[in-house]
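Reader: Could you take me through one small part of this model up close? I'd like to hear what sits around it, in plain bench talk.

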Amino acid sequence: MSTTKKIFGFMLLMITIFTVLLSCCSATVYKVGDSDGWTAKDGMYRHWAEGKEFHVGDSLVFEYDRNFNDVTQVFGALELEYCDSSSPKAVYNTGHDVVALKEPGYHHFMSSNQSQCVSGQRLDVLVVNDPSLPNPPLPRKILPFGKTYKVGDSEGWNVYDSDFYNKWSEEKQLHVGDSLLFEYNNEANDILEISGDLEFKACDPTSPVAEHKTGHDLFRLTEPGVHYFISSKTSHCEAGLKLRVVVSVSKLSPIDRLIRWLRTLRLHHL
């Protein structure tokens, strides 16, 4: 019986190793620009990316002279279009950068040298999940207990004043784990979460991260950094219906978070 168990255990181990090797080997490494590498050529990278299907787990290799160039990843399509590297998502400058594509969606890369970028040194790729591989379970993130802020307070998400929501957010100290509650008439409006500062300034609704339109939408702030919200109605957004918030990591201890959460529950039941 023990011999049978050992054989079964060995077979199970070999199957596991084979599965891991198969999943590793299925990822593709792309050298950006092939033999030309990462350089300034008008329209080159658009043509290079055409016909390729990029999957989560694949990698991009950028090769260039690090004395004159770099690879800057930006958040949005407008940053790429206007060669704006002022708020990068990541910057690489080794001359041989391997960038793993870990998430589905559009990924945008450019040179921080604006003249190089304008001359064609920019790339956007669409990354999708590999349909041949099972989707791995997402790790559950444990967030601190947070506060819920009603956007606009008693006014809600209804004020068409260019500075109202800017002033509202400046008075708040938002942390990871807090939530934003948007209340509005869903027959006249909605909420778009967008990723880039230029998209926010231009009220560009074309590439939202998320869209909500129930009239009572709750956003949990799960990541530190800058978060942007606008109305998809461009005229409403331009009139002031847009919000930018800065989210920081909470410095409260676990006990303080628990006390804060219990106080919040008590207030809700009063």
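Author: β3 and β6 run antiparallel, and five bridges join them. One of the pairings to look up puts Val61 opposite its bridge partner in β6, Val98. Bear in mind that this is a predicted model. Zooming out a little, β3 and β6 belong to an open sheet of three strands, ordered β1-β3-β6, with mixed pairing. The edges are taken by β1 (29–31) and β6 (96–100), each of which pairs on one side only. On average, neighbouring strands in this sheet are turned by 20 degrees against each other, if you ignore direction.

Now slide to the loop between β2 (54–55) and β3 (59–63), where you'll find Asp58. Is Asp58 buried or exposed, and what about a salt bridge? Asp58 is buried, and it has no salt bridge. The nearest side chain of opposite charge belongs to Lys52, and that's 11 Å away. A salt bridge here needs the side-chain nitrogen within 4 Å of a carboxyl oxygen, so Lys52 doesn't make one with Asp58.

So what does the Asp58 side chain reach instead? Backbone nitrogens, for one thing: that of His55 is reached at 2.8 Å. The backbone nitrogen of Thr28 also lies 2.8 Å from a polar atom of the Asp58 side chain.

As for the wider company, leave aside residues up to four places away in sequence, and Asp58 touches Ala27, Thr28, Tyr30, Glu53, Val99, Ala100 and Leu101. Some of those names should ring a bell from the sheet: Tyr30 falls within β1 (29–31), while Val99 and Ala100 fall within β6 (96–100). That puts Asp58 in touch with both edge strands.

Definitions and conventions:
Residues numbered from 1 in each chain as written. Predicted model: local features only at pLDDT ≥ 70, side-chain atom pairs only at ≥ 80, totals over all residues. Heavy atoms only, no water. Helix = DSSP H or I, 4+ residues; strand = E, 2+ residues; numbered from the N terminus. Buried < 20%, exposed > 50% of the residue type's maximum accessible area, 1.4 Å probe, protein only. Lys, Arg positive; Asp, Glu negative; His and termini not counted. Polar contact = N/O pair within 3.5 Å; in protein donor to acceptor, adjacent residues only side chain to side chain. Contact = heavy atoms within 4.5 Å. Pairing = 2+ DSSP bridges. Axes fitted to C-alpha atoms, helices over the stretch in contact; angles between N-to-C directions.
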